[in-house]
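Please look over the model below. The briefing that follows deals with one pair of helices and one residue.

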Amino acid sequence: MHIISAVTAWLVDTIGRMGYTGIISLMFLESSFFPFPSEVVMPPAGYLAWKGEMSLTLVLLSGIAGSILGALFNYWIAVKLGRPLLVKYGKYFFISNESIEKADKFFSKHGHVSTLVGRLLPVIRQYISLPAGIARMPLSTFTIFTTIGAGAWVVVLTLAGYMLGEHQDLLKEYLHVITLSCIALAVIIAAVYMMILRHRKQSEKS
């Protein structure tokens with residue numbers, strides 16, 4: 001608890017000094033390759049908004065903007081480097097051109113839901129941009145569903161810090177509940193989507 005309090009205090013101080021640029025930068029790192037958890041960025045920013053030292057609206061917009069920029073960075077890396085590398089060296093890792101084509105077709109049909117659900121899941125959140133980029137999912141579709149998923153995550157984390165106010169020591173307990181809730185939501189979205197697809201196939205057959 002002492003370490004958590006120290007890290008939180010440092011982040012509050014850092015974000016307070018760097019302002020909205022700091023939030024964008026840290027969330028960019030969180031959404032790209034770098035292992036920087038958003039759970040230690042947005043709640044402290046929400047706390048500063050509760051104290052009146054930052055605007056809640058601008059905190060939310062900064063967090064979402066940083067997440068989108070980080071996701072687009074991963075997407076761009078995957079488009080420029082990921083696909084050529086897979087085509088050239090994939091055979092050494094049992095990845096055939098056929099499997100790459102299947103991935104392309106999958107993201108062409110289901111990339112929007114995959115991106116949305118992926119943004120709600122721990123660990124996968126940071127890396128869902130890579131297969132989307134490799135499959136060259138349409139950039140507009142990728143951006144829209146990344147914004148929805150990342151936006152939901154940023155809003156929940158920020159409001160947690162904002163609503164807890166001076167009781168930031170309870171944050172760890174709430175984060176556990178938030179994470180499980182997001183996982184449950186992702187499962188529900190995937191299940192509903194599968195039901196819709198099944199219903200469509202049955203309708204087409206009849």
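What should the 35 residues of H8 span at 1.5 Å a residue, and how far apart are its end C-alpha atoms? The expected span is 51 Å and the end C-alpha atoms of H8 are 51 Å apart, which agrees; the expected value is 1.5 Å times one less than the number of residues. This is a predicted model, in which local features need pLDDT of at least 70 and side-chain atom pairs count only at pLDDT 80 or more, while totals for chains, interfaces and linings use all residues. Residues are numbered from 1 along each chain as its sequence is written, and side-chain values use heavy atoms, leaving out hydrogens and water.

**Packing of H7 and H8**
- Helix H7 covers residues 139-164 and helix H8 residues 171-205; helices are DSSP runs (H or I, at least four residues) numbered from the N terminus.
- Their axes, lines fitted to C-alpha atoms over the stretch in contact, are 11 Å apart at an angle of about 155°.
- H7 and H8 are therefore roughly antiparallel (angles over 145 degrees, on a scale from 0 to 180 between N-to-C directions).

**Contact residues**
- H7 contributes Trp153, Val156, Leu157, Ala160 and Leu164 to the contact (heavy atoms within 4.5 Å).
- H8 contributes Leu171, Tyr174, Leu175, Ile178, Thr179 and Cys182.

**Burial in H8**
- The buried residues of H8 (under 20% relative accessible area, 1.4 Å probe, protein chains only) are Leu171, Leu175, Ile178, Cys182, Ala186 and Tyr193.

**Ile144**
- Ile144 is found in helix H7.
- With a relative accessible area of 49%, Ile144 is partly exposed (between 20% and 50%).
- Thr115 lies 29 residues from Ile144 in sequence and 9.5 Å from Ile144 in space, C-alpha to C-alpha.

How values were computed:
Helices (H or I, at least four residues) and strands (E, at least two) are DSSP runs, numbered from the N terminus. Angles under 35 degrees count as roughly parallel, over 145 as roughly antiparallel, 65 to 115 as roughly perpendicular and the rest as oblique.
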